[in-house]
Amino acid sequence: MSQMPQPAQLSACPTCDEPPQAGDRYCDQCGADLAAAAAPAAQAPGDLPVPPRPNGAVRSPYSEPEPDDYELAAPAPDGYGQPADPRVAGALGVPEAAPPTETGTPAEIDTGVNASTHTSAATSTGSMAGTGTGADPRLPGGEHRPRCAACQEGTIDQDGYCERCGHAQARTRDHMESELEGIAAASDRGLRHHRNEDAFAVSAAALPDGSPVMVAVVCDGVSSATRPDDASAAAAHAAGEALRASLPRGAHPQQAMNEAIVAAAEAVNSLAAETGAAAAHPEGRRHQNAPACTIVSAVVTSDILTIGWVGDSRAYWVPDDRTAPPARLTEDDSWAAQMVAAGLMSEAEAYADERAHAITGWLGADAYELEPHTASYKPDRPGVVVVCTDGLWNYAESAEQMARAVPPDARSRPLNSAQILVGHALDGGGHDNVTVAVVPFPAAPGRAGSA
C-alpha cells in the first residue's frame, strides 16, 4: 500500500489496555481500531509542503483521513474460520488445502480478483477442521453459524469477527499464491495491516508466431482512498485481460502495455460511481475518496521484456549470473522521486523523509491525468524480472539488495522464490501488504501450461 496516514500514538489500547507498538493501527491483542480511538484527541497535522507537479496532482498520505474502509463483507459459506493463510493453518493444526488448478488457452491464473465480483479466485476447497459447521444450540431455531477458528466457541458475525473473543477470521485474500509453469506470484497481508489491499494476475500465452509470452500484473491499493482492495483487484483483472487479448493478436508489447494500463484505469474509475451510490445511504462510508491503486506489469517473451507502471510499485531485473549487475526497471511516481529528479535531495535523503511515499501518480477517478510509463529491454543473459509492491521493496530497495534477496535458482523455481521474497518482507517487519511476481527471462517454449 502507499503510505497511510499515521494515527496519534496511544499509550494503551482503549479496549484491552494492551500497549501498542509504534505505527500499529490495530491492537495486536484484541484487534481494536487504534486510529479511530486516537482521532478525537489528535490534532490535525499541519500541511506538509510537497513539490509542485506539472499536472498539479499529488496524493499526500497526510492530508486525507483514513477512510472507514474496514467494513468487511461476510465470507462465503464454509469460508468462516477457514485458515487460508498457511501461518494460521499451522498454528491451528489444520492441514493446508490443495492449491487451485486452472486450465485454459491461454493459460492463466488471476488471483485476488474474480471477473464479476472482484474477490479472490484462489479459494480453498474441501472440509477444514474447526469450521464449526454444526448448528449452535444457543442460536434461535438452531440457526447454522460457523464457530471461531481461534477460540472454537464463539460464532462469527457478518463482518467476519468472533462475537465472543473478537478475533478476525482468516480470509482467502490474506495469503495467496499462484503458479503457472515458469511464472509465479505470492501475496500476503503482512503483520500490521487489517487486510490485504494488493492484487495480482499472472498468465502465459503464445504470440502469433507460436513463441511464448508471460504476463504478470501487480497492483497496490492506495490506503487513503475508499475501497483500495477493490481498486487493486479491478485493475489487476482488467490489465491482465487486456494483455491476454492483445498479445496473441500480434500487438506490439509496449502498445499492448499502454492499452492495458488504460483499461485498468477505466476499471478503477468505474468503482467511483459505485462508491458514490453507496454514500447516498445511511450505511454509506463517511469518507468518500475515489478508489485508487498503483500498477506495475511485465510482459516477457523469448527475446524482450516490457514493463509498464503508474505509481510506486516496482520491477527489478536480476540476472542468473550474480556477477553481472542487477537493475531497477521503473521510476517511482512519488514525492521522493521528484525530490531526487529536481536535484533537491539525494536518493538516501529523499527516501528517509516521512513524505517519501506520497505518490504523484495513480489509477483512479481523482487522478489529474493518466500518464502510463512503458519501457522495453533486451537482456543479454538469462535472469528473472521481480515485479512487486512497496511492501517488498521497502526491505530491499536498491537493485543490489533485491538481487541478494532473490534465490540463485529463481528462474527454475519461481514460486519458491516468490515465497522466499514474501518471507523476506515479513522477517523485516511486515509493516505493509506484500506482493511479488517472479517472471523468468527468456520465456521458454512449453511453459503455457497451468499448475
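Is Cys148 buried or exposed? Select Cys148 and check: at 0% relative accessibility, Cys148 counts as buried, where buried means under 20% relative accessible area, exposed over 50%, and partly exposed in between (1.4 Å probe, protein chains only).

Before moving on, some ground rules. This is a predicted model, with residues numbered from 1 along each chain as its sequence is written, and local features need pLDDT of at least 70 while side-chain atom pairs count only at pLDDT 80 or more. Totals for chains, interfaces and linings use all residues, and side-chain values use heavy atoms, with hydrogens and water left out.

**Stop 1: the cysteines**

Stay on Cys148 and add Cys165. The sulfur of Cys165 is the closest cysteine sulfur to that of Cys148, but at 3.8 Å it is too far for a bond. A disulfide here is a pair of cysteine sulfur atoms within 2.5 Å, and a search of the whole structure finds zero of them. Now jump to Cys388, which also counts as buried, at 0% relative accessibility.

**Stop 2: zoom out**

Show the whole protein chain as a cartoon. Its secondary structure comes to nine helices and 13 strands; helices (H or I, at least four residues) and strands (E, at least two) are DSSP runs, numbered from the N terminus. Of the 451 residues, 52% count as buried. With contact meaning heavy atoms within 4.5 Å, residues 24 or more positions apart account for 67% of the contacts with a separation of 6 or more.

**Stop 3: the six-stranded sheet**

Next, pick out the open sheet of six strands, whose order is 2-3-13-12-8-9, with antiparallel pairing. Two strands pair if DSSP finds at least two bridges between them. At the edges sit strand 2 (175-180) and strand 9 (327-328), each of which pairs on one side only.

Walk across from strand 2. Strand 2 and strand 3 are antiparallel, with six bridges, and Leu180 has Ile183 in strand 3 as its bridge partner. The two strands make a hairpin with two residues between them, and in the turn Gly182 has a positive phi of about 100 degrees.

One step further, strand 3 (residues 183-188) meets strand 13 (residues 434-441) through five antiparallel bridges. Look for Ala185 here: its bridge partner in strand 13 is Ala437. Then turn on helix 9 (residues 414-427), which packs on the sheet and touches strand 2, strand 3, strand 12 (383-388) and strand 13. The direction of helix 9 makes about 145 degrees with that of strand 13; axes are lines fitted to C-alpha atoms, for helices over the stretch in contact, and angles run from 0 to 180 degrees between N-to-C directions.

**Stop 4: strand 8**

Select strand 8, where six of its six residues are buried. Both faces are covered, with Arg314, Tyr316 and Val318 on one side and Ala315, Trp317 and Pro319 on the other. Strand 8 pairs with strand 12 over six antiparallel bridges, and Ala315 has Val387 as its bridge partner there. Towards strand 9 there are two antiparallel bridges, and Tyr316 is partnered with Arg328.

**Stop 5: the nonpolar cores**

Which residues touch the most other members of the largest nonpolar core? Show Val386, Leu392, Met402, Val406, Leu421 and Val436, which do so in a core of 31 residues. A nonpolar core is a set of buried Ala, Val, Leu, Ile, Met, Phe, Trp, Tyr and Cys residues joined through side-chain atoms within 4.5 Å. Elements giving two or more residues include strand 8 (314-319), helix 5 (335-341) and helix 8 (399-405), while helix 9 gives the most, with five.

Centre on Val386 and list its neighbours: among them are Tyr316, Leu392, Met402, Leu421 and Ala437, not counting residues up to four places away in sequence. A second, separate core of 30 residues includes Val217, Ala234, Val310 and Leu363.

**Stop 6: a hairpin and a helix**

Colour strand 4 (residues 198-206): eight of its nine residues are buried, so it is largely enclosed by the rest of the structure. Nine bridges join it to strand 5 (residues 212-221), which runs antiparallel, and Asp198 stands opposite Asp220. The turn of this hairpin has five residues between the strands, with Gly210 at a positive phi of about 90 degrees.

Finish on helix 3 (residues 228-246). Since 16 of its 19 residues are buried, helix 3 is largely enclosed by the rest of the structure.
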